[in-house]
Amino acid sequence: MRPVTLKFAERYPDALVPLMNWYCITKRADWGSLAEARRDFAHADVVGRRTVFNIHGNHYRLITRINYTTKRVFILHILTHVEYSRGGWKQ
């Protein structure tokens with residue numbers, strides 16, 4: 001797993017297993033579109049140029065940028081639901 005996910009899980013230990021699951025699924029994924037990503041994560045949503053994943057029953061939000069051409073997923077933010085709702089990450 002990436003250091004950013006582990007660092008977040010240090011602060012929110014209940015996020016560790018859901019983040020590990022997301023990471024394992026995403027690492028193996030060969031998504032060509034949002035529709036394909038939603039086969040693995042039904043609640044993935046596009047917000048601007050970002051894709052947002054609900055983690056641990058919507059307690060946390062994982063904000064990414066997905067390049068479907070190169071098959072790369074970049075983690076931009078991992079936030080609590082409250083932090084996400086404030087909207088500062090949209091800037």
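In the predicted model, Y60 is classed as buried, because its relative accessibility is 6% and the cut-off for a buried residue is under 20%. Y60 takes part in one of the aromatic contacts of the structure, which holds seven aromatic pairs.

The first contact to be described joins F8 and Y12, whose ring centres lie 4.8 Å apart; since their planes meet at 35°, the pair is counted as tilted. The two partners are not alike in their exposure: F8 has a relative accessible area of 5% and is therefore buried, whereas Y12, at 22% relative accessibility, is counted as partly exposed.

Y12 also pairs with Y60, and here the ring centres are 5.5 Å apart and the planes stand at 50°, so that this pair, too, is tilted. The contact between Y12 and Y60 brings together distant parts of the chain, as the two residues are 48 residues apart. Y12 belongs to the loop between helix 1 (3–11) and helix 2 (16–28), while Y60 is found in strand 3 (residues 60–67).

Elsewhere, W22, W31, F41 and F53 are linked by ring pairs into a cluster. An aromatic ring also faces a charged side chain in this model, for R61 lies over the face of Y84, at 4.3 Å from the ring centre.

Definitions and conventions. Residues are numbered from 1 along each chain as its sequence is written. This is a predicted model: local features need pLDDT of at least 70, side-chain atom pairs count only at pLDDT 80 or more; totals for chains, interfaces and linings use all residues. Side-chain values use heavy atoms; hydrogens and water are left out. Rings of Phe, Tyr and Trp (its six-membered ring) pair if their centres lie within 6.5 Å; planes under 30 degrees apart count as stacked, over 60 as edge-to-face and the rest as tilted. Buried means under 20% relative accessible area, exposed over 50%, partly exposed in between (1.4 Å probe, protein chains only). Helices (H or I, at least four residues) and strands (E, at least two) are DSSP runs, numbered from the N terminus. A charge sits over a ring if NZ of Lys or CZ of Arg is within 6 Å of the ring centre and within 35 degrees of the ring normal.
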